[in-house]
Amino acid sequence: KMIMSQRVGYKVFADGDQTDDIDMNMLMDTIRVRAGTIIVYATGDVLKQPWVAGEIVVAFAKHRPTVLIKCPNFEPPSELELEDLSGYMAKARHI
């Protein structure tokens, strides 16, 4: 975070450090009000995390620029998985 902040000249917030006891309202407010560009580091299970999916939805709704960095193990959900999002996201809890 420090290197990125120094390079871009802006404060950097990374939610990956705060996966326990997430205050979803505060997190979504951060995206809604304070975030500039959203960078999604797309690992294999990133979209199965409810807070990440929420951040992406809020960023899209607020027209925030979004950059997707795809890891080799990233696969977007299939059409079937999109039809059953709760089942898709529940899979992350069993990995």
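This predicted model folds its chain into 5 helices and 2 strands. Read from the N terminus, the elements follow the order α-α-β-α-β-α-α. Of the 95 residues in the chain, 25% are buried. The exposed surface of the chain comes to about 7,200 Å², with carbon and sulfur atoms supplying 57% of it. If we take the contacts between residues at least 6 apart in sequence, 74% of them join residues at least 24 apart.

**Helix H3 and its two sides**

A good place to start looking is helix H3, which covers residues 50–61. Its 12 residues reach 16 Å from the first C-alpha to the last, close to the 16 Å expected at 1.5 Å a residue. Buried in this helix are Trp51, Val52, Gly54, Glu55, Val58 and Ala59. Viewed down the axis of H3, these buried residues fall within an arc of 160 degrees, so they line one face of the helix. The general geometry is familiar: an α-helix has 3.6 residues a turn, so residues three or four places apart point the same way. Turn H3 to its other side and you will find Val57, Phe60 and Ala61 exposed.

What covers the buried residues of H3? The cover includes helix H2 (24–34), strand E1 (38–42) and strand E2 (66–70).

Valine 52 is a handy residue to pick out in helix H3. Its relative accessible area is 10%, under the 20% limit, so valine 52 counts as buried. The C-alpha atoms of valine 52 and leucine 27 are 9.8 Å apart, although 25 residues separate the two along the chain.

**The nonpolar core**

The largest nonpolar core has 13 residues, and those with the most contacts inside it are Ile31, Ile38 and Val46. H2, E1 and H3 each supply at least two residues of this core. H3 gives the most, with 4 residues. As a general tendency, nonpolar side chains in soluble globular proteins are buried together.

Which residues does isoleucine 31 touch, leaving aside its neighbours within four places in sequence? Its contacts are Ile38, Glu55, Val58, Ala59 and Arg64. Glu55, Val58 and Ala59 are also among the buried residues of H3.

Val46, another of the residues with the most contacts inside the core, can be viewed together with proline 76. Their C-alpha atoms are separated by 9.6 Å, while the two residues are 30 apart along the chain. Proline 76 lies in the loop between E2 and helix H4 (79–83). With a relative accessible area of 54%, proline 76 is exposed.

**Two salt bridges**

The structure holds 2 salt bridges, listed here with their N to O distances.

| Salt bridge | Closest N to O distance |
|---|---|
| Arginine 32 and aspartate 29 | 2.7 Å |
| Lysine 48 and aspartate 45 | 3.6 Å |

How many residues apart are arginine 32 and aspartate 29 in helix H2? They are 3 residues apart, which means that about one helical turn separates them. Arginine 32 is partly exposed at 32% relative accessibility, and aspartate 29 is partly exposed too, with a relative accessible area of 38%.

In the salt bridge between aspartate 45 and lysine 48, the partners fall into separate accessibility classes. Is lysine 48 buried or exposed? At 12% relative accessibility, lysine 48 counts as buried. Aspartate 45 has 25% relative accessibility, so it counts as partly exposed.

**Histidine 63, just after H3**

One backbone feature deserves a look before you leave H3. Where does histidine 63 sit? It belongs to the loop between H3 and E2, just after H3. Its phi is near 55 degrees, a positive value in a residue other than glycine. For context, most residues other than glycine have a negative phi. At 70% relative accessibility, histidine 63 counts as exposed.

**Putting the picture together**

H3 ties several of these features together. The buried residues of H3 line one face of the helix, and H2, E1 and E2 are included in what covers them. H3 also gives 4 residues to the largest nonpolar core. On its other side Val57, Phe60 and Ala61 are exposed, and just after the helix comes histidine 63 with its positive phi of about 55 degrees.

How values were computed. Residues are numbered from 1 along each chain as its sequence is written. This is a predicted model: local features need pLDDT of at least 70, side-chain atom pairs count only at pLDDT 80 or more; totals for chains, interfaces and linings use all residues. Side-chain values use heavy atoms; hydrogens and water are left out. Buried means under 20% relative accessible area, exposed over 50%, partly exposed in between (1.4 Å probe, protein chains only). Contact means heavy atoms within 4.5 Å. Accessible areas come from the Shrake-Rupley method with a 1.4 Å probe; for residues, only the protein chains shown count as cover. The expected span of a helix is 1.5 Å times one less than its number of residues. The arc is that of the directions from the helix axis to the C-beta atoms. A salt bridge is a side-chain nitrogen of Lys or Arg within 4 Å of a carboxyl oxygen of Asp or Glu. A nonpolar core is a set of buried Ala, Val, Leu, Ile, Met, Phe, Trp, Tyr and Cys residues joined through side-chain atoms within 4.5 Å.
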